[in-house]
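Biologist: Put the sequence and the model up, please. Then I will ask my questions one by one.

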Amino acid sequence: MMEKENARYSGGLKNGNCVCGARAVNRDSLEGLLREMERCAKAREVPILAEAARPVFLRTVREAAPLRILELGTAIGYSALLALRESPDARIVTIERDADMAEAARSFLGRAGVLGRATVLVGEAEKLLPTLAGNFDLVFIDAAKSRYPDFWLGVQPLLTKRAVVVADNVLFRGLVEGEGSEEWPKHSYRTMVLQLREYLRLVRSATGFRTEVFPEGDGMAVSWRDE
Ligand code: SAH
Ligand code: MG
């Protein structure tokens, strides 16, 4: 357990058998770079977008055709790169609290040639949100699961009229709703599961939004604003 935590958080991203963005090459094919990021994430147990959820994410980005994207939870920049690849005119502001992770993301995005369209902010999303100026067409919530309700409320003033808010992992291992979620969640997951339930309640009851929850991957909630 300690070892896992260390691998993930103690600057381990720059060491070991996984290069994780350290190579300064600008000519990588994007596909090759994405595969390298997937391997890096796997080796370091970084929870990037699940493969099964990628089509839902990409389709939503395509439909939204965003000019400004906000992401909470950058990790190594995988979903940010997917979003930028899918929307060539878009810029992204992405927030990550782990400085090593943010550094790896900058490096990968640089190698992909899209760093000019990306701003990677290091800090707690809940603290940085109130400092942002608005007009985001697409928000991707993928940071601390127990803060999703706060994130939902925090991003409201930043949304355009036709914005879409996408939230990853909302069904968290099937524990949030549906079959298998009847038991009181075990202690280590309790706050997270209860807050994810609250998130789904909030988005489903929000006026001016239409929400669909996709079961793919770890569950993805897509909330379109259509007032
Ligand atoms: N969106 C990424 C994966 C993000 S994993 C992708 O799909 O490629 C979640 C990330 O959120 C982790 O890197 C973690 O360090 C970060 N995180 C967790 N809580 C946070 C918070 N409160 N503020 C900012 N970042 C946070
Ligand atoms: Mg996720």
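**Helix, sheet and ligand shell**

Biologist: Which exposed residues sit on the face of H3 turned away from its buried side?
Modeller: H3 is a helix in this predicted model. Helices are DSSP runs of H or I with at least four residues, strands are runs of E with at least two, and both are numbered from the N terminus. A residue is exposed with 12 or fewer other C-beta atoms (placed from the backbone) within 10 Å of its own, buried with 20 or more, and partly exposed in between. On the face away from the buried side, the exposed residues are Pro-55, Arg-62 and Glu-63.

Biologist: How are residues and chains labelled, and what pLDDT do local features need?
Modeller: Residues count from 1 along each chain as its sequence is written, while chains are lettered from A and ligands numbered from 1 in the order written. As the model is predicted, totals for chains, interfaces and linings use all residues, side-chain atom pairs count only at pLDDT 80 or more, and local features need pLDDT of at least 70.

Biologist: Within what arc do the buried residues of H3 fall?
Modeller: The buried ones are Val-56, Phe-57, Thr-60, Val-61 and Ala-64. They line one face of the helix, because the directions to them, seen down the axis, fall within an arc of 130°.

Biologist: What do the buried residues of H3 pack against?
Modeller: Contact here means C-beta atoms, placed from the backbone, within 7 Å. By that test the partners of the buried residues are H4, S4, S5, S6 and S7.

Biologist: Which strands stand at the edges of the sheet?
Modeller: Strands pair if DSSP finds at least two bridges between them. The open sheet has seven strands in the order S3-S2-S1-S4-S5-S7-S6, with mixed pairing. Two of them have a single partner strand each, so one side of each is left without a neighbour in the sheet: S3 (118-122) and S6 (209-214).

Biologist: Which residue in S3 stands opposite Val-93?
Modeller: S2 and S3 are parallel, with five bridges. Opposite Val-93 stands Thr-119.

Biologist: What angle does the direction of H3 make with that of S5?
Modeller: H3 (residues 54-64) packs on the sheet and touches S4, S5, S6 and S7. Angles run from 0 to 180 degrees between N-to-C directions; axes are lines fitted to C-alpha atoms, for helices over the stretch in contact. H3 and S5 make about 175°.

Biologist: Which residue in the hairpin of S6 and S7 takes a positive phi?
Modeller: S6 and S7 run antiparallel and are joined by six bridges. Phe-214 has Met-220 of S7 as its bridge partner. Five residues lie between the strands, and the one with a positive phi, near 65°, is Gly-217.

Biologist: At what angle do the axes of H7 and H8 cross?
Modeller: H7 covers residues 148-155 and H8 covers 187-205. Their axes come within 8 Å and cross at roughly 35°.

Biologist: Which residues of H7 make the contact with H8?
Modeller: H8 brings Gln-195, Leu-196, Glu-198, Tyr-199, Leu-202 and Val-203. The contact has seven nonpolar, one polar and one charged residues. Nonpolar means Ala, Val, Leu, Ile, Met, Phe, Trp, Tyr, Cys and Pro; charged means Asp, Glu, Lys and Arg; the others, Gly among them, are polar. H7 brings Tyr-148, Pro-149 and Trp-152.

Biologist: Which residues are closest to ligand 1?
Modeller: The shell takes residues whose C-beta atom, placed from the backbone, lies within 6 Å. It holds 19 residues, and the closest are Gly-73, Tyr-78, Ser-79, Ala-143 and Ala-144.

Biologist: How many charged residues does the shell around ligand 1 have?
Modeller: The shell also has ten nonpolar and two polar residues. Its charged residues number seven.

Biologist: Is Glu-45 buried or exposed?
Modeller: Glu-45 is in the loop between H2 (30-44) and H3. Its phi is positive, near 55°, though it is not glycine. It has 11 other C-beta atoms within 10 Å, so Glu-45 is exposed.

Biologist: What is the phi of Arg-173?
Modeller: Arg-173 lies in the loop between S5 and H8. It is partly exposed because it has 14 C-beta neighbours inside 10 Å. Though not a glycine, it has a positive phi of about 50°.

Conventions
Contact = placed C-beta atoms within 7 Å. Arc of directions from axis to C-beta.
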